[in-house]
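Welcome, and thanks for taking a look at this one with me. Below are some notes to read alongside the structure.

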Amino acid sequence: MLISVFFDILEINIAVSVVVLLAALLMPKLKNYRVGWRKWFWILLGIRLLIPYNFSWDSHAVHLFSFTGEWQISEAVEVSTAVLLSLVWFLGLVVCLRHRYLCYRKFQKEIVENSRESFEERELAVLREVMSEIGVEKEVTLYHCPLIVSPMVIEVLQPMLLLPEEEYSDEQLRMIFRHEGMHIDNFDIVYKTIMLLAEAVHWFNPVVHKMVKWSYRDLEIFCDECVVEDMDKKERGSYGRTILDAVEKQKGLDIVFSTCFYGSQGLMKQRVENLFNMESKKSGAVLLGVFGGLLLFLGMFIKCGI
C-alpha cells in the first residue's frame with residue numbers, strides 16, 4: 001500500500017513540477033492579467049499534490065523510473081529499493097509535519113500567554129465597522145501582543161486579530177483591519193494550511209517549496225487587490241504606506257497558520273505598484289483552464305513503478 005501511494009505521489013510530483021516550471025517561465029510575460037488566477041492556480045496544484053492517486057494510461061505512458069534493486073541491510077535482511085525509498089519518503093513526511101506543528105504550538109502558546117485583549121472602544125468601533133463593510137460574520141477578537149512587529153490573524157473558527165504594542169491612527173487601523181479582514185473572509189489560513197501540507201508531502205522536491213513561496217506571495221497581492229477594489233488613488237496611497245510601514249518592521253516573519261503583512265522588499269515594491277495598475281488587467285480564467293488541462297494531460301502519460 002505504501003509503495004503504491006509513493007509511486008502515485010512521485011508521478012503527481014513530476015507532472016506538477018513540469019507545470020510549475022512552465023508557469024514560472026510564462027508568468028513574467030503575463031503582466032496584463034490580474035493575480036487572482038495565480039492564487040487559484042497554486043491552490044489547484046496544492047490540492048492535486050495532496051491526492052495520492054494518479055491515473056496513468058499504461059499503454060501510452062512514459063515509464064520514467066523503475067526501482068527493481070535490493071538493499072542488503074544485514075546478512076538476513078534484504079529490502080527492495082522501492083520499499084526503502086517509500087519508507088524514507090514517509091519518514092520525511094512525518095518529520096516535516098511534526099516540526100511545523102511543534103513550531104506553531106510553541107508560537108501559539110507564547111502568543112496566548114503574552115497577549116492582552118483590547119477593550120479600547122476606538123479600536124473596537126473601527127474593527128466592527130470594517131468587518132461589517134467586508135461582510136465578515138465571524139466574531140473577531142482584537143488583541144495586543146508585544147512579541148509581534150506586524151499585525152496578523154491566527155485561528156480559523158475564532159479569529160484572533162493581533163496588533164503590536166504601538167499606537168495606530170484611525171486611518172491606519174481601517175487599512176490594517178481591511179487587510180486582515182479580507183484574509184479572514186477568503187479563508188486564507190486554510191489556503192496556507194493546504195499549501196503547507198502539500199509542501200510536507202513533497203518535501204523532497206525544491207520546485208514544490210518554491211511553488212509554496214510563490215503562492216504566499218500571490219495570496220498577499222490578491223488580498224491587496226480585494227482591499228483596494230473600491231478605493232480612490234488617495235486611499236490606495238494610504239494603504240500602500242501602511243503595509244510598507246508594517247513590513248519594514250517585520251523582517252521576513254511569516255507564520256504558516258496565520259496571516260500577516262508578509263513580504264520582502266522586492267515583493268512589497270511589486271505589491272505597491274500593483275495597487276495602481278489593476279483596472280485594465282484580464283481575469284486569467286482561460287489561463288487557469290489551460291494549465292489545469294495540461295496538468296491532467298501530463299498525469300496520464302507519466303508512469304513510475306517497479
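1. A word on terms before the strands: two strands pair if DSSP finds at least two bridges between them. Strands S6 (residues 152–154) and S7 meet that rule, pairing in the antiparallel sense over three bridges. Please keep in mind throughout that this is a predicted model.

2. Let's stay with S6 and S7 for a moment. Within this pairing, Val153 has Leu161 of S7 as its bridge partner. The two strands form a hairpin, with five residues between them. In the turn you will find Glu155, whose phi is positive, at about 75°.

3. How does strand S5 (residues 141–144) run relative to S7, and how many bridges join them? The two strands are parallel, and four bridges join them. If you would like a residue to start from, try Tyr143, which stands opposite Leu162 in S7.

4. S7 itself covers residues 160–163, and its side chains are worth a look. Met160 and Leu162 point one way from the strand, while Leu161 and Leu163 point the other way. Are these residues buried or exposed? All of them are buried. Leu161 is thus both a buried residue and the bridge partner of Val153.

5. Next, the second largest pocket, with a volume of about 220 Å³. Its lining is made up of 13 residues, and those nearest its centre are Leu124, Leu127, Arg128, Glu139 and Val140. Helix H4 (121–134) and S5 each supply at least two residues of the lining. Which of the elements gives the most? That is H4, with four residues. By character, the lining divides into seven nonpolar, two polar and four charged residues.

6. On to the charged pairs. Side chains of opposite charge can pair when their charged atoms come close. The count for this model comes to 15 salt bridges. One of them is between Arg34 and Glu229, with the closest N and O atoms 3.2 Å apart. This pair links distant parts of the chain, 195 residues apart: Arg34 is in the loop between helix H1 (2–26) and helix H2 (36–50), and Glu229 is in the loop between helix H7 (206–228) and helix H8 (233–250). Glu229 is partly exposed, at a relative accessible area of 41%.

7. Another salt bridge joins Arg100 and Glu199, and here the closest N and O atoms are 3.6 Å apart. Again the pair links distant parts of the chain: Arg100 belongs to helix H3 (residues 81–114) and Glu199 to helix H6 (residues 188–201), 99 residues apart. Which class of exposure does Arg100 fall into? Arg100 counts as partly exposed because its relative accessibility is 29%, and the class runs from 20% to 50%. Glu199 counts as buried, because its relative accessibility is 12% and buried means under 20%.

8. The helix H4 from point 5 comes back here. Glu133 and Arg174 meet through their side chains in a salt bridge, at 3.1 Å from N to O. Glu133 lies in H4 and Arg174 in helix H5 (residues 170–185), 41 residues apart, so this pair too links distant parts of the chain. Glu133 counts as partly exposed, at 41% relative accessibility, and Arg174 is partly exposed as well, with a relative accessible area of 26%. Finally, salt bridges that share partners join Glu120, Arg122, Glu167 and Asp170 into one network.

Definitions and conventions: Residues are numbered from 1 along each chain as its sequence is written. This is a predicted model: local features need pLDDT of at least 70, side-chain atom pairs count only at pLDDT 80 or more; totals for chains, interfaces and linings use all residues. Side-chain values use heavy atoms; hydrogens and water are left out. Buried means under 20% relative accessible area, exposed over 50%, partly exposed in between (1.4 Å probe, protein chains only). On a 1 Å grid over the protein atoms alone, a cavity is a set of points where a 1.4 Å probe fits but cannot get out, and a pocket is an open set with protein on both sides within 12 Å along at least five of seven lines; lining residues have an atom within 4 Å of a point. Grid points are joined across faces, edges and corners, and a volume is the space filled by probe spheres set on the points. Ala, Val, Leu, Ile, Met, Phe, Trp, Tyr, Cys and Pro count as nonpolar, Asp, Glu, Lys and Arg as charged, and the others, Gly among them, as polar. A salt bridge is a side-chain nitrogen of Lys or Arg within 4 Å of a carboxyl oxygen of Asp or Glu.
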